[in-house]
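Me: Could you walk me through this fold, one question at a time?

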Amino acid sequence: MALSSADAMEYVLTDPDRLFSNAEGWETLKVLFPGGLMLRDFDDHRAHRRLMQTAFRKPAMDAYLTMMAPALARMLRDWPLDTPFDFYAAIKELTLRVGAHVFMGLALDDPSTDALNRAFIAEVDAAVTVIQKPLPFTKRRRGVNARLMLTDHFRKMIAKRRAGDGLDFFSQMCRATDDDGKGWTDQEIVDHFNFLLMAAHDTTASALTTMVQALCEHPDWQDRLADECAAVPELTPETLDDFPLTDRVFREALRLMPPVQITPRRALRDFEWRGHAIPAGTYVSVQNALIQRDPAFWTNPDDFDPDRFSENRAEDRSHRFAWAPFGGGAHKCIGMHFSTMQVKAFCHALLPTRRIARADSGEIHWKRMPIPRPDGGLRVVLALR
Ligand code: HEM
């Protein structure tokens with residue numbers, strides 16, 4: 001059952017009657033990402049989320065930024081000038097490499113990164129496939145094998161990271177403890193980390209691709225962002241708030257093409273919505289993408305207009321769930337600030353010195369599921385500013 005109003009989204013995601021199961025809503029992810037935070041419900045979910053939150057506290061986030069900003073700048077220096085390339089493929093590669101560095105503490109040129117990346121891509125590709133059984137030669141089977149390889153690799157890293165003082169994400173998760181001093185078991189660490197990498201990566205790559213397409217189509221906005229970024233000599237925790245225009249463009253990209261287009265849940269008991277009786281067991285899917293173009297909240301909803309997020313217009317505040325690309329309620333994206341930080345680091349490293357333009361004029365067709373991406377890529381070309 002599809003629900004496409006902001007009121008329905010608020011009811012389902014805030015779930016005041018504890019009616020809706022995430023684990024069952026997202027059950028297609030269970031084989032490859034068992035034990036992931038999004039696949040847990042109610043008290044069990046709350047306990048795990050509290051522990052994971054320690055890896056997202058300010059000191060940890062500051063450390064990620066300190067690792068991420070120079071890594072991004074270094075990798076972006078290698079992007080070719082005056083030579084067309086596919087931005088989507090390049091940003092996936094870049095976010096995976098920077099991810100392996102910030103999330104796992106691997107060096108940017110660590111030789112194991114390639115094999116891990118390949119396994120990771122196979123695992124994500126297999127997450128939402130038509131053939132769900134891991135039959136030989138199917139994507140699903142390749143995904144299951146990739147999961148085994150990755151989880152084995154993560155498991156072997158745990159003992160050393162628990163004992164060390166690494167600032168990367170994996171080390172933070174290995175050392176995280178609750179108020180009673182209790183941390184996760186090895187299996188829990190492996191399962192959480194495996195899910196987290198998936199949740200973190202394709203979503204941000206998708207959002208950055210939407211954003212860059214918009215910046216190519218609106219060079220005036222690209223110039224404004226370049227000026228804003230150039231005015232900040234160094235990206236540090238103290239300067240993170242100095243990017244209001246970049247923030248607006250990112251929000252607008254997330255509105256027009258939310259990386260998570262539909263949020264599924266399953267009703268555990270019978271319930272009623274606006275006079276309609278809905279039986280227990282019903283799959284409910286909240287249509288984020290439609291709500292974010294609802295003319296009741298947005299002026300000219302199909303237009304790219306980042307200023308709709310300015311203080312004086314604040315269209316996103318017309319309803320608590322008019323703009324909710326990161327979800328809401330107990331399962332609201334735990335990586336929201338992380339991804340915002342990554343987008344700012346990307347813009348800050350690229351835009352002051354490079355102009356980015358489409359390499360061809362063809363229409364871009366977006367494949368919206370499971371995570372939006374431009375079918376056939378997004379060909380761009382970089383030039384010196
Ligand atoms: C533009 C980037 C991103 C978008 C649009 C996004 C979107 C979302 C959404 C909509 C949910 C809620 C799903 C639900 O309610 O069922 C979610 C959950 C989650 N996200 Fe993100 N995400 C992004 C980036 C990230 C990053 C960078 C991380 C990690 C560093 C991350 C980790 C997670 C986790 C662990 C959950 C599960 C939270 C829970 O169940 O308590 N996400 N994300």
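Below are short questions and replies about the model shown above.

Reply: Happy to; this is a predicted model, in which local features need pLDDT of at least 70, side-chain atom pairs count only at pLDDT 80 or more, and totals for chains, interfaces and linings use all residues. Residues are numbered from 1 along each chain as its sequence is written, and side-chain values use heavy atoms, with hydrogens and water left out.

Me: How many helices and strands are there in the chain?
Reply: Helices (H or I, at least four residues) and strands (E, at least two) are DSSP runs, numbered from the N terminus. On that basis the chain has 13 helices and 11 strands.

Me: What radius of gyration does the chain have?
Reply: The radius of gyration is taken over C-alpha atoms, and the globule rule is 2.2 Å times the number of residues to the power 0.38. For 385 residues, a compact globule would come out near 21 Å, and the chain agrees with a value of 21 Å.

Me: What percentage of the residues of the chain count as buried?
Reply: Buried means under 20% relative accessible area, exposed over 50%, and partly exposed in between (1.4 Å probe, protein chains only). Of the 385 residues, the buried share is 55%.

Me: Which residue in S7 stands opposite Ala2?
Reply: Two strands pair if DSSP finds at least two bridges between them. Strand S1 (residues 2-3) and strand S7 (residues 283-286) meet this with two bridges, in the parallel sense. Opposite Ala2 in S7 stands Ser285.

Me: And which residue in S7 stands opposite Thr263?
Reply: Strand S4 (residues 263-267) pairs with S7 over four bridges, in the antiparallel sense. The residue opposite Thr263 is Val286.

Me: Which strands stand at the edges of the open sheet of three strands?
Reply: This sheet has the order S3-S11-S8, with antiparallel pairing. Each edge strand has a single partner strand, so one side of each is left without a neighbour in the sheet. The edges are strand S3 (85-86) and strand S8 (354-358).

Me: What is the bridge partner of Asp86 in S11?
Reply: S3 and strand S11 (residues 379-384) run antiparallel and are joined by two bridges. The partner of Asp86 is Arg379.

Me: Which protein residue is the donor to the iron atom of the ligand?
Reply: Donors are N, O and S atoms within 2.8 Å of the metal (3.2 Å for Na, K and Ca); water is not among the atoms, so sites may look incomplete. The iron has a single donor from the protein, an SG atom 2.3 Å away. The residue lies in the loop between helix H12 (288-291) and helix H13 (336-350); the donor is Cys333.
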